[in-house]
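This report covers strand pairing, backbone outliers, aromatic contacts and one pocket. Please look through the model before reading on.

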Amino acid sequence: MSAALLLGVGAVAPMSVPVANAATTSATTSAGTSAAESPATVTVNTRAALATVPDTGVGANHAVWDSQLGTDTVADLLKDAGVRMMRYPGGSYSDIYHWKDNTAPGGYVAPGTDFDTFMGGVRRAGAQPIIIANYGTGTAQEAADWVKYANVTKGYGVKYWEIGNELYGNGHYGANWEADDHVDKGPAEYARNVVAYADAMKAVDPTVKIGAVLTAPANWPDALVGSGDQGNWNQVVLAAAASKIDFVILHWYPSATSPAEVLTRPGQIDDMIYLVRRQIAAYAGSRAADIGIAMTETNSGLGTTTQPGALFAADAYTTLLENGVFNVDWWDVHNGPGTVSTIAGQTDYGDWGMLSSGTCAASGECEPALNTPFAPYHGIKMVSTFARPGDQLVRAASSEPLVSAHAARRPNGDLAVLLVNRDPDNPHPVTLDYSGFAPASGAPTVYSYTNGAASVTSASTGTATAQTLPPYSLTTLVLHPAAATTGAPGIPGGLSASAVTDTSATINWTAADPGAKPIVKYEVYRQNGATGDQFGETPGTSFTVHNLIPGTRYTVNIVARDSGGGVSWASPPLTFTTGSPAQSTCSVRFTDTNDWGNGYIGSVDITNNGSTAIDGWTLRFSWPTDLQTVGSGWNGTWTQTGRSVTVTGLPGSRLDPSGGTTNVGFVGNYSGPNILPGSFTLNGTVCTVL
């Protein structure tokens, strides 16, 4: 967390100011309730599997300036919310904090917040710690000593260690909030020291996992290249340190101007994590699959104590976990009031903590009593209610833009469905369809958190196929299967893609363990939203898919079927991207140059590889996301419709045969992860992408 958001937070022990809790608003979830909209369709596809929920998934940030750190009250509240990972010693404070004497020169450390006290709270909550070693004002030896004390002397078994906090905020790119005593503040120096820290810490305990700080795609200073650097922060850090680290660290505070806007931001997570995995793959080689991703700070930034914060937390945590992020930590447990406002009829204190600090804002408004849970606390609790460690997240989708849907299979055969109604004014009835799962009859168990409520409530209501979602609400259905499944095949694993071309790819996997009957075939499914297209089936463990679209991202799952029709759970997902033709009569080189974080100069070289001249040409491509546009262009006539971009040569333009080249350029704008296009056609011919 940046220093700007720490000012005045936790500087003194918070006062307890008792005020009445807001009245609980009961959830209306039975089918048939009237709503402003016609019923939305929610589709759940259990054959489109995503990641499995890890036991480190749901986390929160602690800070040494918080006098409540490690108290039984807070530990019990976090345990009740399902928090299983606690981060310490707290954002930017980590780069001034010295664990041996529990001091942070230049900052405030509350009494009773030392490492052992923190670990007492972690153990009481049944959680795991994730520790930030001091990079800014510390040394590799200090970090190694901490590992020795934690894991050798005390036997705490601290597995996850970050090397510093937001070091890109050390002034190298202009903004300067992160303490960093190193003379060289560039990414290459940070990476060099990450290697030194990793070597020193693993010499003490080879089992520890070391994390390096990256920037989240489309978030400052992503894509910026500092003076003297050989690339942007992520490129330089990964190139030098990928062989030594075990995970990467992202922080994500989505930029938005309204609660409605911030609630759309979880829709960018799929592309954000996809880009990070591509960066890891580019530099980690064979180790790429072993390097995890942790989102160790996030917050809605708007409506932080009211329903927008709760809805954002539930949607963001779940979407990140669906994408295989192994840890998501809310910023933070306590923070203190900011600007007070009213959102959807509720007082929002502008406090980024999960729990009330019990203090008063500068404008005079006082928060509820100390440790009163704010709305995001309940949103996080709903995530833990919905998806538990070991559950398999699967695809779900909604036809209503204001309703988000998520689903998880449980080892006992149950299915949980999380529904987020982002409409502050209207209930939304939904009908639910299931693929690969048959729900039992009768009313399911329904958990609900509504606007202004003081807790998550539960009831048996509605049906498995029809519910009505209250305005601005979180709803989780827990469904039992119509019939118990026994003796099903095991889950195929070890998916990989080989021989990926522009139009084909070979999918490989390891055989599943048979259940009560022998396995007779494997079915290959492509994820297409919450629907699944079956590519084909085979008795073996390899399948070649044809007729693919060049430059396109595909996600597939494998399902095993036995001789009695028994079906396994879907395999973990495999994502691959098709390329361009190895040979074509045209080629394109697309370059992102001079990127400033939300825009760039695009340069496109178009080459005629054919034997005849091209008099008059049209190049077409499509943006991978809805958040990318052409602002202006030159050396051609540029137009954009939806995601589709067309550039036509100027009058008299000509591409000579056998290597005739022209260059066109444009100003590209983006307001989300900037995935570059991977396929181009010249006068209808698919080109080779260089």
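Two strands count as paired if DSSP finds at least two bridges between them. Strands (E, at least two residues) and helices (H or I, at least four) are DSSP runs, numbered from the N terminus. The model is predicted: local features need pLDDT of at least 70, side-chain atom pairs count only at pLDDT 80 or more, and totals for chains, interfaces and linings use all residues. Residues are numbered from 1 along each chain as its sequence is written, and side-chain values use heavy atoms, with hydrogens and water left out.

**Barrel**

Eight strands close into a barrel, in the order E2-E3-E4-E5-E6-E7-E8-E9, with parallel pairing. From one strand to the next the twist averages 25 degrees. Axes here are lines fitted to C-alpha atoms, for helices over the stretch in contact, and angles run from 0 to 180 degrees between N-to-C directions. Helix H2 (residues 115–125) packs on the sheet. H2 touches strand E3 (85–88) and strand E4 (128–133), and its direction makes about 170 degrees with that of E3. Contact means heavy atoms within 4.5 Å. Within the barrel, E7 and E8 pair in the parallel sense. His-251 has Glu-297 in E8 as its bridge partner.

**Antiparallel strands**

Strands of a sheet pair through backbone hydrogen bonds, either parallel or antiparallel. Five strands form an open, antiparallel sheet in the order E32-E33-E30-E36-E37. Its edge strands are E32 (637–641) and E37 (685–686), each pairing on one side only. Elsewhere, E35 pairs with E28 and with E31. Which residues stand opposite Val-667 in E35? Ile-601 does, and so does Ser-632. In the open sheet, Phe-621 stands opposite Val-645 in E33.

The table lists four strand pairs.

| Strand pair | Sense | Bridges |
|---|---|---|
| E7 (residues 247–252) and E8 (residues 292–298) | parallel | six bridges |
| E30 and E33 (residues 644–648) | antiparallel | five bridges |
| E28 (residues 599–608) and E35 (residues 660–670) | antiparallel | ten bridges |
| E31 (residues 628–634) and E35 | antiparallel | six bridges |

**Backbone outliers**

Most residues other than glycine have a negative phi, and most peptide bonds are trans. Tyr-88 and Pro-89 are joined by a cis peptide bond, with omega about 15 degrees. Pro-89 sits in the loop between E3 and H2. A cis peptide bond also joins Trp-220 and Pro-221, with omega about 0 degrees. Pro-221 lies in the loop between strand E6 (209–213) and helix H5 (233–241). Ala-223 is found in the loop between E6 and H5. Its phi is positive, about 80 degrees, although Ala-223 is not a glycine.

**Aromatic pairs**

Rings of Phe, Tyr and Trp (its six-membered ring) pair if their centres lie within 6.5 Å; planes under 30 degrees apart count as stacked, over 60 as edge-to-face and the rest as tilted. The count comes to 42 aromatic pairs. One of them, Tyr-97 with Trp-146, is tilted: 6.3 Å centre to centre, with 50 degrees between the planes. The pair links distant parts of the chain, 49 residues apart. Tyr-97 is in the loop between E3 and H2, and Trp-146 is in helix H3 (residues 140–153).

**Second largest pocket**

A pocket is an open set of points on a 1 Å grid over the protein atoms alone, where a 1.4 Å probe fits, with protein on both sides within 12 Å along at least five of seven lines; lining residues have an atom within 4 Å of a point. The second largest pocket is lined by 43 residues. Nearest its centre lie Arg-278, Asn-674, Ile-675, Leu-676 and Pro-677. Helix H7 (269–284) gives the most to this lining, with six residues.
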